[in-house]
Amino acid sequence: MKPIQIGLLGFGTVGSGVAKVLARNAEEIGRRAGRAIEVKRVGVRNIAKARAAAPAAVVEGIAFGDNMHALVDDPDIDIICELIGGTTLALDLVLRAIENGKHVVTANKALLATHGNEIFAAAQRRGVMVTFEAAVAGGIPIIKALREGLTANRIEWIAGIINGTSNFILTEMREKGAAFGDVLAQAQKLGYAEADPTFDIGGHDAAHKLTILAALAFGIPMQFDKAYLEGIATLTQEDIAYAEQLGYRIKLLGITKRKPNGIELRVHPTLVPAKRIIANVEGVMNAVVVQGDVVGQTLYSGRGAGSEPTASAVVADLVDVTRLLTADPEHRVPHLAFQPDRLSDLPILPIEEVETSYYLRLRAHDRPGVMADITRILADLSISIDAMMQKEPDEGEQIVDIIILTHVAKERSVDTAIQLIEGMPTIAGNVTKLRLENLDK
Ligand code: HSE
């Protein structure tokens, strides 16, 4: 059978990885796909730099060019693989490829989270596939699991470590007491970080991925603009250490939950019990926990970034598309797991409506009655305390750190309590608030 011809847009960390994997495992991949998969053309800005990114044996026979629009118009190309990132040129090229009747494989989470609704509608009209396994959690087949493996379930919630760079930073800070900036520089050198690393540490990258997971889990449109995000830049060594003393680890989690009145969609540093497997997923590794009503909890973990782990997911999509090319578009697995005319309009809940547990750290003057005042404020707002710890003041100091863990409460009530506590004359500075998830059911 005639080989499938691929046009690669971008030949950086991921693109060159895809070409290498397709060359290295050509025989095995051909046996799985039913026909050979070949990279015919590569579209890049800098041809010389791209050619040097892979060994001669890999790039031999591939036509490199800098006209990406010509590439997506090439009638001999069956599948366009978009690996340039960004949301401007990438959107233009993806929509043009779809209009040209080509199938698209992309690793571009930002593009899907912000323009996915438009892209999938166009693909639906043209009867082409758009696949995106590499867009979430790199090499972990979480999209496949949600779209196909878990279709019997009503998904209740998903919680994931879906940004390797911030997990790497948090791990190094906890294990080695390393400084934030040094670890970030290391992650950039290793090729894990986004082109703009504020996307990693600010939670944007995780929120892009979480938006995609929520769409697949709940059958809702992409709504990145309604996601709540909070990054790791303000986390202190003290909070990491206190959390550990209380039996927790702090992870940047993407959390999406189905609630009676809507969907929670949030990314923030989160305390997780240290005994949970996900709390022990360290370094650049990613992990996603899915709670389904039929299967219970399942956990997926692996490399979430880097050249070959991401290429593993891209190539899996190429094989999937190759296998399904001849299937009737109406009977393929729907792009977003649910039939496009059966999406739900469940609202995304604002953060004030979210219900979870909390870690609060306050600095108080060590005087009689302070603790009583604090607990009264919490009790009046129906916030129940799960644990409390008061540290010894440092030598000669009058101010002590008090750490409180709460049971599940509404964010709005906790914010009101914090305002009242911060107004107490015996409290110094601001209260630190972190969210806590037990992830037990
Ligand atoms: N910057 C991302 C991360 C790369 O650190 O996880 C994979 O999307």
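In the predicted model, six strands form an open sheet. Their order is β3-β2-β1-β4-β5-β6, and the pairing is parallel. The edges are β3 (63-65) and β6 (130-131), each of which pairs on one side only. Strand β2 (residues 37-43) runs parallel to β3, and three bridges join the two. Within this pairing, Val 42 has Phe 64 of β3 as its bridge partner. In a regular strand, side chains alternate between the two faces of the sheet.

Further pairing involves strand β17 (residues 427-436). Strand β10 (residues 262-273) pairs with β17 in the parallel sense, over two bridges. Here Thr 270 stands opposite Arg 435 of β17. Strand β13 (residues 355-365) also pairs with β17, but in the antiparallel sense and over seven bridges. Leu 360 has Lys 433 of β17 as its bridge partner. Strand β17 thus takes part in a parallel pairing with β10 and an antiparallel pairing with β13.

The ligand was examined next. The space it takes is the largest pocket. Two elements give two or more residues each to the shell around the ligand: α9 (164-176) and α12 (204-218). The surrounding residues are Lys 109, Asn 163, Gly 164, Thr 165, Tyr 192, Ala 193, Glu 194, Asp 200, Asp 205, Lys 209, Gly 304 and Ala 305. By class, the shell holds five charged, four polar and three nonpolar residues.

Several side chains of the shell make polar contacts with the ligand. Lys 109 places a side-chain N or O atom 2.5 Å from an oxygen atom of the ligand. A second contact to a ligand oxygen comes from Asn 163, where a polar side-chain atom lies at 3.4 Å. Asp 200 instead approaches a nitrogen atom of the ligand, with a side-chain N or O atom at 2.7 Å. Taken alone, the ligand exposes 250 Å², of which the protein buries 92%.

Key
Residues numbered from 1 in each chain as written. Predicted model: local features only at pLDDT ≥ 70, side-chain atom pairs only at ≥ 80, totals over all residues. Heavy atoms only, no water. Near = heavy atom within 4 Å. Polar contact = N/O pair within 3.5 Å; in protein donor to acceptor, adjacent residues only side chain to side chain. Areas by Shrake-Rupley, 256 points an atom, 1.4 Å probe, with all protein chains shown as cover. 1 Å grid on protein atoms, 1.4 Å probe; cavity = no way out; pocket = protein on both sides within 12 Å on 5 of 7 lines; lining within 4 Å. Sits in = over half its atoms within 2 Å of the grid points. Helix = DSSP H or I, 4+ residues; strand = E, 2+ residues; numbered from the N terminus. Nonpolar A, V, L, I, M, F, W, Y, C, P; charged D, E, K, R; others polar. Pairing = 2+ DSSP bridges.
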